[in-house]
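Work through the exercises below with the structure open beside you. Try each task before reading its solution.

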Amino acid sequence: MRRFRTGLFAATSMTLIMAAMPAQAQERLAPVSVWGDRTETDPGSLAVVDSAEIDETLADHPAEILNKLPGVNIQMNSGQEHLVAIRSPVLTGGAGQGSFLILENGVPVRSPAFGNVNSLFEPHHEVASAIEVVRGPGSAKYGSNAVHGLVNVILPEVGGGSEAVASYGTLGRWRSDVTLDEGEHWLAAVSLQKDTGWRDNTGVDQQKLTLVGDWALGAWDTTTWFTASNLTQETAGFAQGPDAYKDEAIAKSNPNPEAYRDAWSARAGARLSRDFSGGTLTLTPYAHTQSMIFAQHFLPNGGVEKNGSTGGGLMARYEREVSDSLTWRIGADVDVASGWLKEIQPDPFGFFPGDSRFPQGKHYDYTVDTLMGAVWGELDFALSEDVRLLAGLRAEGHEYDYSTDLAPGINGRFNVPADRTDSFDLLTPKLGLIWSVAEATDLYANYARGQRAPQASDLYRLQSLQVAGQVEEETLDSVEIGARGNALDGRLVYDVAAYWMEKENFFFRDSDGLNVPDGATEHKGVEASTAFELTPALTVSGSASWSDQTYAFDRITGSGTETIRDGNEIDTAPEWLANVSLDWQATDVIKLSLNVDHVGEYFVDPANTTTYPGHTVLGARGAWALSETTELFLIVRNLTDEKYADRADLAFGNERYFPGEPLNATLGMRKTF
């Protein structure tokens with residue numbers, strides 16, 4: 001009978017465990033470092049969710065798997081909607097679109113200027129072989145948008161085997177994932193989800209497809225892939241009112257039954273690698289396209305937005321090991337894209353008679369053509385047998401060519417700029433030092449700069465009091481120190497990091513709906529992850545994060561309703577995040593798991609007048625191996641039926657919540673072949 005994999009190989013500690021594993025096992029996990037272009041010994045904070053954890057979690061929403069990692073806080077909204085935080089508050093608007101880089105097989109899923117706050121519903125995480133998260137700036141290697149961190153979804157590899165999974169949940173959610181692996185040259189994977197929705201009028205239909213091919217083209221080792229996603233959902237609006245999430249009737253209701261989101265995307269890429277002049281040359285051409293339409297239920301005037309973008313480019317890198325102590329890498333990237341956005345208000349709206357700030361009809365209708373070019377270099381130098389230095393620098397330029405199909409000028413609250421071009425230059429260094437103080441212990445220090453060019457929506461979707469050309473490059477400087485290793489003959493693995501970050505030119509929209517181009521913030525915190533094999537059958541693992549994230553400037557809004565003072569805590573930035581899992585291999589064929597997720601108290605407005613108290617939610621999983629190839633599993637979420645909110649905020653004078661799911665269970669079966 002098949003013995004299940006234990007929790008020791010869980011997400012947050014995988015890179016540490018590799019150091020204590022035999023070479024054969026490390027080779028099996030090597031794709032993480034290949035696709036992610038990082039190794040487990042690099043300075044900086046890297047967490048990885050491996051295939052075992054992905055299989056066992058069976059995440060219907062990317063937040064369910066990523067929130068297990070330290071420093072990560074994905075807030076679920078309605079359906080597949082979400083907002084991302086990595087060593088940051090939960091960011092919205094252009095900041096939410098552009099502060100986190102989302103990759104698939106190491107390639108950005110979108111061009112830099114056209115991000116998506118719901119960026120994680122596009123990659124095919126359901127069948128991934130691994131998901132890696134870099135916490136802190138990654139701009140020195142990956143460029144714009146890797147400001148607070150990046151998420152890299154690594155697609156399944158040919159030769160991993162075929163699999164079929166089917167499940168049904170008590171809230172009316174059906175799901176099926178099928179991977180067909182030819183074993184040598186190609187595989188195909190599809191994921192289907194149909195969710196009736198536990199809130200009123202909140203059905204979701206989602207489909208994803210992945211095709212992967214491995215080929216030898218002369219001297220080139222080649223991997224190609226194609227991925228596509230389609231999402232159709234009826235969207236629930238906020239439950240509004242003090243503690244509205246605690247009232248079951250309000251929580252289940254949908255104040256915006258007319259809201260919806262329809263989105264599709266497709267991406268294609270190839271990685272070609274060969275030996276060249278004493279080193280390794282890697283070329284990665286790629287292309288992507290997407291389109292989306294949704295009702296802006298989060299705004300009182302009830303607009304409809306349509307947007308889309310198409311782009312592609314080439315990533316090139318060359319690596320050469322000059323000596324036992326020195327390896328250098330150089331690279332160049334180019335990306336060309338075109339994106340468009342339309343915003344339409346179908347019906348008249350005003351807060352009072354004669355309110356002309358929200359005119360009916362089109363608010364924006366524009367196209368932006370973009371060009372990005374970058375060169376970068378990196379040196380990996382062994383100062384001694386136990387000390388390594390890693391230094392890197394990237395120079396990047398962005399060109400935007402904007403044109404509008406509407407007459408320029410002020411239209412109520414909206415400002416349509418005239419046709420224009422804009423350019424932005426980024427320079428992002430990094431410097432890291434890692435010291436192997438013992439066979440099983442590494443210490444590291446790391447400086448990195450994160451920088452992003454503005455999103456197209458930052459530049460051209462202006463409010464009436466904003467002037468075109470005000471927005472500048474956003475810059476974040478980060479310093480971190482950390483320790484990682486293992487003890488007790490490899491039974492205990494750990495990773496601890498402390499960081500301090502300072503951000504300039506933080507761009508966001510205030511409570512009056514006006515854009516702030518020159519904000520400043522400070523972020524500091526401590527993160528820890530660990531896994532401990534208590535016995536051969538019992539493992540405990542988890543992560544904890546403490547952070548202090550504050551505004552570093554003063555601002556008083558025109559209405560006076562939201563005063564920001566230097567030192568105020570940033571809203572939606574919990575001081576504490578924690579996740580703990582207990583895995584028990586009860587018998588050779590039965591595995592049981594218990595997990596606890598904790599989100600601490602946080603302010604819901606920049607003025608720090610209102611708080612959400614936080615929550616603690618329990619879950620459990622049981623799995624039974626019916627045979628060597630068949631597994632039956634049961635996943636129970638929110639064991640205690642806790643009344644909580646996935647997201648809380650304060651806007652337009654109202655407390656607003658997306659309520660968390662009540663107690664529910666999912667029964668499913670997995671078949672490998």
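The exercises that follow use a predicted model.

**Exercise 1. A salt bridge across the chain**

Task: Find the salt-bridge partner of Arg388 and state where the two residues lie.

Solution:
- Step 1. Arg388 pairs with Asp42; the closest N and O atoms are 3.7 Å apart.
- Step 2. Place both partners. Arg388 is in strand β19 (residues 387–404), while Asp42 is in the loop between α3 (31–36) and β1 (45–50).
- Step 3. The two are 346 residues apart, so the pair links distant parts of the chain.
- Step 4. Check the cover on Asp42. Its relative accessibility is 10%, and buried means under 20%, so Asp42 counts as buried.
- Step 5. Look for a wider network. Asp42 and Arg388 are joined with Lys141, Arg317, Glu319, Arg329, Glu378, Asp380 and Lys430 through salt bridges that share partners.

**Exercise 2. Two more charged pairs**

Task: Are the residues of the Lys208 and Glu126 salt bridge buried or exposed? Then do the same for Glu631 and Arg670.

Solution:
- Step 1. Start with the general idea: side chains of opposite charge can pair when their charged atoms come close.
- Step 2. In the salt bridge of Lys208 and Glu126, the closest N and O atoms are 3.2 Å apart.
- Step 3. Lys208 sits in strand β11 (residues 204–217), and Glu126 in the loop between β5 (107–108) and β6 (130–135). The pair therefore ties together parts that are 82 residues apart in sequence.
- Step 4. Lys208 has 3% relative accessibility, so Lys208 counts as buried. Glu126 has 8%, so Glu126 is buried too.
- Step 5. Turn to Glu631 and Arg670. Their side chains meet in a salt bridge at 3.7 Å, N to O.
- Step 6. Glu631 belongs to strand β36 (residues 630–637) and Arg670 to strand β39 (residues 664–672); they are 39 residues apart.
- Step 7. Glu631, at 5% relative accessibility, counts as buried. Arg670, at 6%, counts as buried.
- Step 8. For the full tally, the structure holds 45 salt bridges.

**Exercise 3. Rings that meet**

Task: How are the rings of Tyr245 and Tyr612 arranged? How are those of Tyr364 and Phe414 arranged?

Solution:
- Step 1. A ring pair is described by the distance of the centres and the angle of the planes.
- Step 2. The structure holds 18 aromatic pairs.
- Step 3. For Tyr245 and Tyr612, the centres are 5.5 Å apart and the planes are at 70 degrees; the pair is edge-to-face.
- Step 4. Tyr245 lies in the loop between β13 (239–240) and α8 (248–252), and Tyr612 in strand β34 (residues 611–612), so the pair ties together parts 367 residues apart in sequence.
- Step 5. Both Tyr245 and Tyr612 are buried.
- Step 6. For Tyr364 and Phe414, the centres are 5.9 Å apart and the planes are at 85 degrees, so this pair is edge-to-face.
- Step 7. Tyr364 is in strand β18 (residues 361–382) and Phe414 in strand β21 (residues 414–416), 50 residues apart. Both are buried.
- Step 8. Tyr364 and Phe414 also belong to a cluster: ring pairs link them with Phe349, Phe351 and Phe358.

**Exercise 4. Charges over rings**

Task: Which arginine lies over the face of Trp220, and which over the face of Phe238?

Solution:
- Step 1. Arg274 lies over Trp220, at 5.5 Å from the ring centre.
- Step 2. Arg656 lies over Phe238, at 3.9 Å from the ring centre.

**Exercise 5. Nonpolar residues, inside and out**

Task: Which element gives the most residues to the largest nonpolar core, and which residues make a nonpolar surface patch?

Solution:
- Step 1. The largest nonpolar core has 31 residues; Leu66, Ile131 and Val151 touch the most other members.
- Step 2. Elements giving two or more residues are β1, α5 (62–66), β4 (100–104), β6, β7 (149–154) and β26 (492–509).
- Step 3. Among these, α5 gives the most, with three residues.
- Step 4. Now move to the surface. Trp584, Ile590, Leu592, Trp624, Leu626 and Met669 make a nonpolar patch of about 540 Å².
- Step 5. Take one member, Trp624, in strand β35 (residues 615–625). Its relative accessibility is 45%, so Trp624 counts as partly exposed.

How values were computed
Residues numbered from 1 in each chain as written. Predicted model: local features only at pLDDT ≥ 70, side-chain atom pairs only at ≥ 80, totals over all residues. Heavy atoms only, no water. Patch = residues over 30% accessible without salt bridge, like charges linked within 9 Å, V, L, I, M, F, W, Y side chains within 5 Å. Areas by Shrake-Rupley, 256 points an atom, 1.4 Å probe, with all protein chains shown as cover. Salt bridge = Lys/Arg side-chain N within 4 Å of Asp/Glu carboxyl O. Helix = DSSP H or I, 4+ residues; strand = E, 2+ residues; numbered from the N terminus. Buried < 20%, exposed > 50% of the residue type's maximum accessible area, 1.4 Å probe, protein only. Phe/Tyr/Trp six-rings, centres within 6.5 Å; stacked < 30°, edge-to-face > 60°. Lys NZ or Arg CZ within 6 Å of the ring centre and 35° of its normal. Core = buried A, V, L, I, M, F, W, Y, C linked by side-chain atoms within 4.5 Å.
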